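Grab a coffee and open the viewer. Below are a few exercises to work through by eye, each with a solution to check yourself against.

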Amino acid sequence: MRKFSAFITSSASFGHYFCSNRFTPLLHSPPPPSIIRHFTPPMAAPEDSLRKALADKLSEVENQGNQVRALKAGKADKSEIDAAIEALNSLKLEKASIEKDLQATLSSSEGSGNREAFRQAVSNTLERRLFYIKSFNIYGGVAGLYDYGPPGCAVKSNVLAFWRQHFVLEENMLEVDCPCVTPEVVLKASGHVDKFTDLMVKDEKTGTCYRADHLLKDFCNDKLQKDLNITAEKAKELKHILAVLDDLSPEDLGAKIKEFGITAPDTKNPLSDPYPFNLMFQTSIGPSGLIPGYLRPETAQGIFVNFKDLYYYNGNKLPFAAAQIGQAFRNEISPRQGLLRVREFTLAEIEHFVDPEDKSHPKFAEVAELEFLMFPRELQMSGESAKTIRLGEAVAKGIVNNETLGYFIGRVYLFLTGLGIDKKRLRFRQHLANEMAHYAADCWDAEIESSYGWIECVGIADRSAYDLRAHTEKSGEALVAHEKYPEPREVEVLVIAPVKKEIGLAFKGNQKNVIEALEAMKEQEAMALKADLESKEEVEFYVCTLGKNVTIKKSMVKISKEKKKEHQRVFTPSVIEPSFGIGRIIYCLFEHTYYTRPSKAADQQLNVFGFPPLVAPIKCTVFPLVQNHQYEDVAKEISKSLTAAGISHKIDITGTSIGKRYARTDELGVPFAITVDSTSSVTLRERDSKDQIRVDVKEAASVVKDVAEGVRSWADVWETFPHHSSASADE
């Protein structure tokens, strides 16, 4: 789910996944060292010290140049002028050397050239093999819209199947499927109609629209990477702007664009001031056009509005989780970065409803010992890097707010690494305080490093009870849970009663924001406000959604504690929400599994996608070694057995050499290949190691099924069956 102003919502080791079932990832050895693996950025060099050294050297060159000019003007001796010129040339050489070192440092730290070359190689392969292509290509395409081809569809289907098994089945979740078209009233209650915006600027002459923060980000990055003459202080300022970019107000963003003289990229025309643009696609429901609606920007609201029925279906018991996989739509201002920023995409979202007074989780012990990169807000604020932290320790120390949130963080880690995401390029970053909405208890993003940098792919948020309360208020339907007491209890309850008439007169259009902020107060804060109002009559009160203090008068709110007998506790559940951007995960998986290796003749690099069998688009290929009716009949027999076993496969009976057929399927990420070279037994080849074994024809399908579904590892199969050596395997 997407972050939006004042309503923030959460937008390779295969051996860690421990469930024993048909989706367990295959354990196999890593590819040999001869291959070229995915892009990994090198260590950064001391940029600041080089910039300072360059600034000092520029000053020395300027001073020495002035000295040469003064000597010439004063008609000094030729020998004295020559010595000064020689010193000037020496300083210029030193300056050029520092510039070269700085350029190397910038290239090394950003890895821009390597990143772009790697990204282009991956994209070219994906498009050529039809994993995905631009939509409506024969008409020129539309930015931000893509079609998945056959192998892309298969990878996506496998990722979603694993998601359902790993979350829905494992946790006994209630899966729903809600419409994409959503009435305006629903999204008004959730805050999307008012706040689901990005800041946009327009070319003042052509009207072309750009996303304002992207223009400023591109300017800062371009300066840092290409301008060697900016000072260390200026570089620090630009880096600070990049760090706080998401927090800049429209006024601050516009001021920076003007300060740096940023113009329209295509025309160099001046730009308008930034203004908010709502990212939802608007429509009307029915022929009359009287019911306004939108294409949903997320799937979660369909779950929230069905809470009452789902709670009843679950036997009126908490906790429980509901899940949904579906399309979502965002009218991005200037979509780019391929599958990472698109206008229609697949979300898989979970809403885990829990008692706000008990956020423990009975299965937390199963993930407590996991260790992985975590980036708590304290490390971010101090300028440090992410560190490996044990999940149980993070929860015990309060770094992660509660066990249920921690449990889902652990399960997300197992899911992503199970797919084939490199655990060294995966981190969990905690939202900073200014990133979170006032109602959120804690939020973490699973970020995956790609050639575009660190990409948010999963948001895991404790959203407290905000969503259910918002829909309760708007619909008038109580979306609450009940806990019956064995005996009636006398309880003292906090009552916060905003006086809507007084607040409406004082704050007009901001009335709702002020009331929500007052009602969201915890007991300690509420009683402190009551005491201040009784002594001062009016106090300053901070409203998070307005981003400022307002003056609250004693007549605007009544705060008290009341005693009453209760037979049951009625409360609004909190929700823990893991939200998965499936397209982003798949793109990062493409990058993490892509590598090249030399052909046998070493005259070219061959592309390989090292997908684990779990997500591979095709699990196995079947090749008759030569065009021979007997071999083709055996291949068809094996194909029937694979189909009966539910294993996706492909027969290739072309006359192409076996080596070229291997290379073609390696490029599709197919993990296993059966070569029919006799009528009684066949060879089975594993993609990454290129090792081959001999298997009886009647056993071939069952062996492939076992290794493809993780029942047996390739190492186990390698030890069990006779080995086969063939030059064609390396062809």
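The exercises go from the whole chain to single residues, and the model is a predicted one.

**Exercise 1. The whole chain**

Work out how many helices and strands the protein chain has, and what share of its residues is buried.

Solution.
- Start with the secondary structure: the chain holds 23 helices and 29 strands.
- Next, the extent: along the principal axes, the C-alpha trace spans about 100 × 95 × 55 Å.
- Finally, burial: of the 731 residues, 51% are buried.

**Exercise 2. The buried side of α9**

Find the buried residues of helix α9 (residues 250-259) and say why they lie on the same side of α9.

Solution.
- Pick out the buried residues first: in α9 they are Leu253, Gly254 and Ile257.
- Now look down the axis. These residues sit on the same side of α9 because the arc they cover is only 95°.
- Then ask what lies over them: the cover includes strand β5 (197-202) and helix α7 (212-226).
- One last stop, just past the end of α9: Gly261 there has a positive phi of about 65°.

**Exercise 3. Two loop acids**

Decide whether Asp355 is buried or exposed, do likewise for Glu171, and list what each one touches.

Solution.
- Locate Asp355: it belongs to the loop that links β11 (344-354) and β12 (371-375).
- Check its accessibility. The relative value is 16%, so Asp355 counts as buried, the cut-off being under 20%.
- Look for polar partners. The Asp355 side chain gets to the backbone nitrogen of Glu357 at 2.8 Å, and it makes a 2.6 Å polar contact with the side chain of Arg569.
- Add the wider contacts: leaving out residues up to four places away in sequence, Asp355 touches Leu318, Glu483, Arg569 and Phe571.
- Move on to Glu171, in the loop between α4 (150-169) and β3 (174-175). With a relative accessibility of 17%, Glu171 counts as buried too.
- Its contacts, with residues up to four places away in sequence again left out, are His361, Lys363, Tyr407 and Arg411.

**Exercise 4. α20 against α22**

Describe how helix α20 (residues 629-644) packs on helix α22 (residues 697-708).

Solution.
- Take the geometry first: the axes are 9 Å apart and the packing angle is about 35°.
- For the handedness, the crossing of α20 past α22 is right-handed.
- List the residues that meet: α20 brings Val634, Glu637, Ile638, Ser641 and Leu642, while α22 brings Val697, Lys698, Ala700, Ala701 and Val704.
- Sort them by type, and you get seven nonpolar, one polar and two charged.

**Exercise 5. Sequence distance and space**

Find how far apart in space the C-alpha atoms are for Gly459 and Glu477, then for Leu625 and Gly655.

Solution.
- Begin with Gly459, which is part of strand β16 (residues 453-462) and counts as buried at 0% relative accessibility.
- Glu477 is 18 residues away along the chain, and the two C-alpha atoms are 28 Å apart.
- Turn to Leu625, in the loop between β24 (620-624) and α20. Leu625 has a relative accessible area of 35%, so it is partly exposed.
- Gly655 is 30 residues from Leu625 along the chain, with a C-alpha separation of 8.8 Å.
- To finish, list the contacts of Leu625 beyond four places in sequence: Tyr631, Ile658, Arg661, Thr675, Val676 and Asp677.

Methods: Residues numbered from 1 in each chain as written. Predicted model: local features only at pLDDT ≥ 70, side-chain atom pairs only at ≥ 80, totals over all residues. Heavy atoms only, no water. Buried < 20%, exposed > 50% of the residue type's maximum accessible area, 1.4 Å probe, protein only. Helix = DSSP H or I, 4+ residues; strand = E, 2+ residues; numbered from the N terminus. Arc of directions from axis to C-beta. Contact = heavy atoms within 4.5 Å. Polar contact = N/O pair within 3.5 Å; in protein donor to acceptor, adjacent residues only side chain to side chain. Axes fitted to C-alpha atoms, helices over the stretch in contact; angles between N-to-C directions. Left-handed = near helix turned anticlockwise from the far one by under 90°. Nonpolar A, V, L, I, M, F, W, Y, C, P; charged D, E, K, R; others polar.
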